[in-house]
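Before you take this model to the bench, I would like to go through some points on its surface and its side-chain contacts. Please read them with the structure open beside you.

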Amino acid sequence: MHKHSRKIMSIPKQIIEAAKGLADYGGTIIKIGFYKSQEVYSWHFDEPVTIGLPEIYLWDGQRARTICGDKAVKIISDL
């Protein structure tokens with residue numbers, strides 16, 4: 001494998017759907033870790049942006065949940 005190659009990650013379609021409102025701003029969804037047995041995803045913007053508190057997406061294997069604000073900050077700090 002080339003040293004700059006990345007493993008292609010499969011993003012659940014429910015996560016893509018939950019984050020679709022951010023697609024107009026450019027960027028991609030990235031997995032940032034696990035929280036209480038759920039995968040945690042975040043939107044990674046192509047360019048620096050000022051947006052306020054973060055929005056993350058939790059995936060339990062069946063459904064996606066959008067978490068915003070202080071609760072998202074708490075989860076990110078626990079990762």
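The points below deal with the salt bridges, then a nonpolar surface patch, and then the largest pocket.

1. Please keep in mind throughout that this is a predicted model, and that the side-chain values rest on heavy atoms, with hydrogens and water left out.

2. The structure holds three salt bridges. As general background, side chains of opposite charge can pair when their charged atoms come close. One of the bridges joins the side chains of Lys20 and Glu17, with an N to O distance of 2.8 Å. Lys20 has 53% relative accessibility and therefore counts as exposed, the cut-off being over 50%, whereas Glu17, with a relative accessible area of 47%, is partly exposed.

3. Another salt bridge lies within helix α2 (residues 69-78), where the side chains of Asp78 and Lys74 meet at 2.7 Å, N to O. Because Asp78 and Lys74 are four residues apart in this helix, about one helical turn separates them. Asp78 is partly exposed, with a relative accessible area of 40%, and Lys74 is partly exposed as well, with a value of 47%.

4. A further salt bridge is formed by the side chains of Lys31 and Glu39, for which the N to O distance is 3.8 Å; the cut-off applied to such a pair is 4 Å. Lys31 counts as partly exposed, at 32% relative accessibility.

5. Turning to the nonpolar surface, Ile30, Ile32, Ile76 and Leu79 make a patch of about 270 Å². Ile32 belongs to strand β1, which spans residues 27-35, and at 31% relative accessibility Ile32 counts as partly exposed. Since residues enter a patch only with over 30% relative accessible area, the value of 31% allows Ile32 to be included.

6. The largest pocket has a volume of about 190 Å³. Its lining is made up of Leu22, Ser42, Trp43, Phe45, Ile51, Gly52, Leu53, Pro54, Glu55 and Ile76. Which strand gives the most to this lining? Strand β2 (residues 38-45) does, with three residues. By character, the lining residues divide into seven nonpolar, two polar and one charged.

7. When you look at the patch and the pocket together, please note Ile76, which is one of the residues that make the nonpolar patch and is also among those that line the largest pocket.

Terms used. Residues are numbered from 1 along each chain as its sequence is written. This is a predicted model: local features need pLDDT of at least 70, side-chain atom pairs count only at pLDDT 80 or more; totals for chains, interfaces and linings use all residues. Patches are made of residues with over 30% relative accessible area and no salt bridge: like charges are joined within 9 Å, nonpolar side chains (Val, Leu, Ile, Met, Phe, Trp, Tyr) within 5 Å. Accessible areas come from the Shrake-Rupley method with a 1.4 Å probe; for residues, only the protein chains shown count as cover. Helices (H or I, at least four residues) and strands (E, at least two) are DSSP runs, numbered from the N terminus. Buried means under 20% relative accessible area, exposed over 50%, partly exposed in between (1.4 Å probe, protein chains only). On a 1 Å grid over the protein atoms alone, a cavity is a set of points where a 1.4 Å probe fits but cannot get out, and a pocket is an open set with protein on both sides within 12 Å along at least five of seven lines; lining residues have an atom within 4 Å of a point. Grid points are joined across faces, edges and corners, and a volume is the space filled by probe spheres set on the points. Ala, Val, Leu, Ile, Met, Phe, Trp, Tyr, Cys and Pro count as nonpolar, Asp, Glu, Lys and Arg as charged, and the others, Gly among them, as polar.
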